[in-house]
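Work through the exercises below with the coordinates open beside you, and attempt each task before reading its solution.

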Amino acid sequence: MNDRAIPKEAHAMAPPETDGERTVMLACHDLTRIYREGPQDVTVLDGLSLEVHAGERVAVVGSSGSGKTTLLNLLGGLDRPSRGDVRIAGETLLDLGSAELGSFRNRHIGFVYQFHHLLAEFTAVENAALPLIVRGLRKKAAESRALELLDKVGMAARADHKPGELSGGERQRVAIARALVTDPSLVLMDEPTGNLDQATAASILAMMDELARTTACAFVVVTHDTALAAHQDRVLKLDGGRLTEQCQGS
Ligand SMILES: Nc1ncnc2c1ncn2[C@@H]1O[C@H](COP(=O)(O)OP(=O)(O)OP(=O)(O)O)[C@@H](O)[C@H]1O
Ligand SMILES: [Mg+2]
C-alpha cells in the first residue's frame, strides 16, 4: 500500500515533532481520566505518558477493566481527558473544536473499535468507504478504494453483504478495512483479532507489517492476543492507570 492515492487536505498544522531523527506521531503526557459515578470518583487513567513514533507499532495489554478502551478513546479524540493532553502529528487535540476534531480524525486517525460499530443498513463496501465519503470523495472512487482494502482483509467476495449477514470475524475485518481506507497517520485498534482465526489474524498482522514498512503509519494495538502483542515493536502494560514497558516475551 505504498501508493498513497488519497491526498491529504492541506492543513494549517504545527510541523511534525521530531525526537532526534524520528518523527513523533503520538505523544501524551499526564493523561488522566476520572469517571464521576454519583458520589464516587473512579480514576481509570492516572498521569499516563506515552510516545509513539512514525512507523512504530505498540501493543497495550492489561486486564479487563484496566482502562485500555478508555485510553484508546482519549488517544482517538473520542473522549476528553480529565487532565493532561494528547498530541497527534504535532496537533494538540484539546485545542480543536468539535468540527475541527472531526476533520482531523478523518484525515489522521483510523480506529478499530472493540465492538466494530458498523452501520447496519450499509453494505460492507459502503461501510468501508464511509470515511472517504465524509472526506468528500465521490462514491465510485471511495468504493473502489474500499474494495481494495476489503480484498486485502479477504472480504472482497462479501462486499455487498450487510453486517447482519456477516460473522463477528468478518465484521471485524470490514472494520479494519474502514480504519485503513484513508491511509491514516495513526491507527488505533481495540482487540482487532479478538474474533479471528489464526490464519486470518496472521494476514492482518502481515498488513500491519506492510503498512509500517511502506508508510509512516503508527499503530497502538490493544490486545489479549499474545502473538499479536509479541509482533509489535514494544509491549506496554496498563496497570494502576499507567503504562509500563514489558520485556518482549514476558
Ligand atoms: N462511561 C463510563 N462511566 C463510568 N465508568 C466507566 C465508563 N467507561 C468505562 N468505565 C470504567 O472504567 C474502567 C475501564 O474500562 P475500559 O472499558 O477502559 O476497560 P478495558 O481495559 O478496555 O476492559 P476490557 O478488556 O474488558 O475491554 C472499568 O472499570 C469501567 O467500568
Ligand atoms: Mg476494552
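The exercises that follow concern a predicted model, and they treat a metal site, a helix residue, a pocket, a helix and a cavity in turn.

**Exercise 1.** Identify which protein atoms act as donors to the magnesium ion (ligand 2), and state where in the chain they lie and how accessible their residues are.

*Solution.* Begin with the atoms themselves: the protein donors are OG1 of Thr69 and OE1 of Gln114, which lie 2.1 to 2.3 Å from the ion. Next, place them along the chain: Thr69 belongs to helix α1 (residues 68–75), whereas Gln114 sits in the loop between β7 (109–112) and α3 (124–135), so that the pair, 45 residues apart, links distant parts of the chain. Finally, classify the two residues: Thr69 has a relative accessible area of 28% and is therefore partly exposed, and Gln114, at 31%, is also partly exposed.

**Exercise 2.** Decide whether Thr70 is buried or exposed, and find which residues it contacts beyond its neighbours within four places in sequence.

*Solution.* Thr70 is found in helix α1. Its relative accessibility is 10%, and because buried means under 20%, Thr70 counts as buried. Once the neighbours within four places in sequence are left aside, Thr70 is in contact with Arg33, Tyr35, Val44 and Leu45.

**Exercise 3.** Describe the largest pocket by its volume, its lining and the elements that contribute to that lining.

*Solution.* The volume of the largest pocket is about 360 Å³. Its lining consists of 15 residues, and those nearest the centre are Arg105, Asn106, Tyr113, Pro131 and Arg178. The elements giving two or more residues to this lining are α2 (98–108), β7, α3 and α5 (168–180). Sorted by class, the lining has 8 nonpolar, 5 polar and 2 charged residues.

**Exercise 4.** List the buried residues of α3, and establish what covers them and which residue follows the helix.

*Solution.* The buried residues of α3 are Ala124, Val125, Asn127, Ala128, Ala129, Pro131, Leu132 and Arg135. Their cover includes α2, α4 (139–152) and α5. Pro131, one of these buried residues, is also among the residues nearest the centre of the largest pocket. After α3 comes Gly136, which has a positive phi, near 105 degrees.

**Exercise 5.** Determine how many cavities of 30 Å³ or more the structure holds, and characterise the lining of the largest cavity.

*Solution.* The structure holds 1 cavity of 30 Å³ or more, and the space in the largest cavity is about 80 Å³. Its lining is formed by Leu74, Gly77, Asp79, Arg80, Pro81, Asp85, Val86, Leu93, Leu94 and Leu101, which divide into 6 nonpolar, 1 polar and 3 charged residues.

Notes: Residues numbered from 1 in each chain as written. Chains lettered and ligands numbered in written order. Predicted model: local features only at pLDDT ≥ 70, side-chain atom pairs only at ≥ 80, totals over all residues. Heavy atoms only, no water. Donors = N, O, S within 2.8 Å, 3.2 Å for Na, K, Ca; no water. Helix = DSSP H or I, 4+ residues; strand = E, 2+ residues; numbered from the N terminus. Buried < 20%, exposed > 50% of the residue type's maximum accessible area, 1.4 Å probe, protein only. 1 Å grid on protein atoms, 1.4 Å probe; cavity = no way out; pocket = protein on both sides within 12 Å on 5 of 7 lines; lining within 4 Å. Points joined across faces, edges and corners; volume = space filled by probe spheres on them. Nonpolar A, V, L, I, M, F, W, Y, C, P; charged D, E, K, R; others polar. Contact = heavy atoms within 4.5 Å.
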